[in-house]
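User: I am a first-year student and would like a close look at a single part of this structure, one strand and its surroundings. Please take me through the residues and then outward to the rest of the chain.

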Amino acid sequence: MAKVIIFTGAGVSAESGISTFRDSGGLWEKYRIEDICMAGCLQTNREKTIEFYDKRRADIEHKKPNHAHRQIKAICDKYPNDIKLITQNVDDMFEKAGCVDLLHLHGFLREVVCPSCGFIADIGYTKLASYQEHCPKCHELLRPNIVFFGEPAPKYSDMHDFLTGCELLVIIGTSGNVIDIRMLCEYADRTILNNLEPSDAIDDTNIDKVLYQKASVAIDEIVQDIELFLN
Ligand code: NAD
């Protein structure tokens, strides 16, 4: 069981040029979240919903991991049994950095899934329709393998299992609006938080170390802290 959990959100990919929710820009601003990210959108608004994820998939094709992703990959390689990486992100920056064993809580942009039989395909950065609209196994309509607001998130139970053995929890780049940070911190003996700025959804007074700076800057200190903790 890993002693250290690194838990990341959209902020860790901000310096790779991928917009967070909060600092919405470009792609996000042209759509209303309730039209394309909520349970039921695929039934009521399939065309626009699929288009949105097609564009997001295309958007990450040439994006590159930043220093924070690379440092996290390096420290995970150094202590493979002691560190578990969990992300809310749906982008593939950690995969591009070489990580193979991370838990994506909210799905993965490059994948489409069959809601009926569970078939999953990595379609890279292409449009869903250029792959195929229907499941090759059971012919149901495929959908982006993304957890929409209001849908069950099956990986949360894995997250809780990993957190049960956690001693040090490192949180990077999340506003805490989707996952309750106080609940996560209750699992750990020691906690570190890195965001660009305080968030209304996070009470940071009970967090042991708080770094309000860019992840690419904070990460070197965080990696040192992890090493000290594990040695
Ligand atoms: P959020 O947008 O709600 O919050 C982003 C947080 O990152 C903020 O607290 C901000 O202070 C911090 N931040 C911004 N730039 C930073 C930087 N350079 N270094 C350190 N911190 C920085 O994101 P969230 O809490 O992850 O929740 C958003 C939801 O949307 C998640 O469920 C996620 O799946 C999804 N999402 C994913 C991506 C992605 O995959 N890259 C992008 C946008 C949204």
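Analyst: In this predicted model, the side chains of strand β7 alternate: Leu 168, Val 170 and Ile 172 point one way from the strand, Leu 169 and Ile 171 point the other way, and all of them are buried. Buried here stands for a relative accessible area under 20%. Since 5 of the 5 residues of β7, which covers residues 168-172, meet that condition, the strand is largely enclosed by the rest of the structure.

What lies beside β7 can be read from the pairing of the strands. Strand β1 (residues 4-8) pairs with β7 in the parallel sense, and 5 bridges connect the two; at one place in this pairing, Ile 172 in β7 has Thr 8 opposite. Strand β8 (residues 190-195) also runs parallel to β7 and is joined to β7 by 5 bridges, and there Val 170 has Ile 192 of β8 as its bridge partner. In general, the strands of a sheet pair through backbone hydrogen bonds, in either a parallel or an antiparallel way.

Stepping back, one finds β7 within an open sheet of 6 strands, whose order is β3-β2-β1-β7-β8-β9 and whose pairing is parallel. The edges of this sheet are β3 and β9, each of which pairs on one side only. Further along the order, β1 and β2 are also joined in the parallel sense, over 5 bridges, and Phe 7 has Ile 86 in β2 as its bridge partner.

Strands of this sheet also take part in contacts between charged side chains. As a general point, side chains of opposite charge can pair when their charged atoms come close. Over the whole structure, a search finds 15 salt bridges, and one of them joins the side chains of Lys 84 and Asp 101, with 3.5 Å from N to O. Because Lys 84 lies in strand β2 (residues 83-87) while Asp 101 lies in the loop between α5 (93-97) and β3 (103-104), this pair ties together parts that are 17 residues apart in sequence. The two partners have quite separate surroundings, for Lys 84 counts as buried at 8% relative accessibility, whereas Asp 101 is exposed, with a relative accessible area of 59%.

At the edge strand β9 there is another such contact, in which Lys 209 forms a salt bridge with Asp 225 and the closest N and O atoms are 2.8 Å apart. This pair links distant parts of the chain, as Lys 209 is in strand β9 (residues 209-212) and Asp 225 is in helix α9 (residues 215-230), 16 residues apart. Both Lys 209 and Asp 225 are buried. Elsewhere, salt bridges that share partners bring Arg 32, Glu 34 and Asp 35 into one network.

Another salt bridge, between Arg 110 and Asp 122, has its closest N and O atoms 2.8 Å apart. It links strand β4 (residues 107-113), where Arg 110 is found, with strand β5 (residues 120-122), where Asp 122 is found, and the two residues are 12 residues apart. Arg 110 counts as buried at 16% relative accessibility, while Asp 122 counts as partly exposed at 45%.

Finally, β8, the neighbour that pairs with β7, leads to the pockets. The largest pocket holds about 930 Å³ of space, and of the 46 residues that line it, Gly 9, Ala 10, Thr 20, Phe 21 and Asn 89 are the closest to its centre. The elements that give two or more residues to this lining are α3 (46-60) and β8. By class, the lining of the largest pocket has 20 nonpolar, 18 polar and 8 charged residues. Because domain 1 (1-17 + 65-106 + 151-231) and domain 2 (19-62 + 108-146) both give residues to the lining, the largest pocket lies between them.

The second largest pocket has a volume of about 490 Å³, and of its 24 lining residues the closest to the centre are His 104, Gly 107, Glu 111, Asn 145 and Lys 155. At least two residues of this lining come from each of β3, β4 and β6 (143-146), and the lining divides into 14 nonpolar, 5 polar and 5 charged residues. The second largest pocket also lies between domain 1 and domain 2, because both give residues to its lining.

Terms used
Residues numbered from 1 in each chain as written. Predicted model: local features only at pLDDT ≥ 70, side-chain atom pairs only at ≥ 80, totals over all residues. Heavy atoms only, no water. Salt bridge = Lys/Arg side-chain N within 4 Å of Asp/Glu carboxyl O. Helix = DSSP H or I, 4+ residues; strand = E, 2+ residues; numbered from the N terminus. Buried < 20%, exposed > 50% of the residue type's maximum accessible area, 1.4 Å probe, protein only. Pairing = 2+ DSSP bridges. 1 Å grid on protein atoms, 1.4 Å probe; cavity = no way out; pocket = protein on both sides within 12 Å on 5 of 7 lines; lining within 4 Å. Points joined across faces, edges and corners; volume = space filled by probe spheres on them. Nonpolar A, V, L, I, M, F, W, Y, C, P; charged D, E, K, R; others polar. Domains from an automatic or database assignment.
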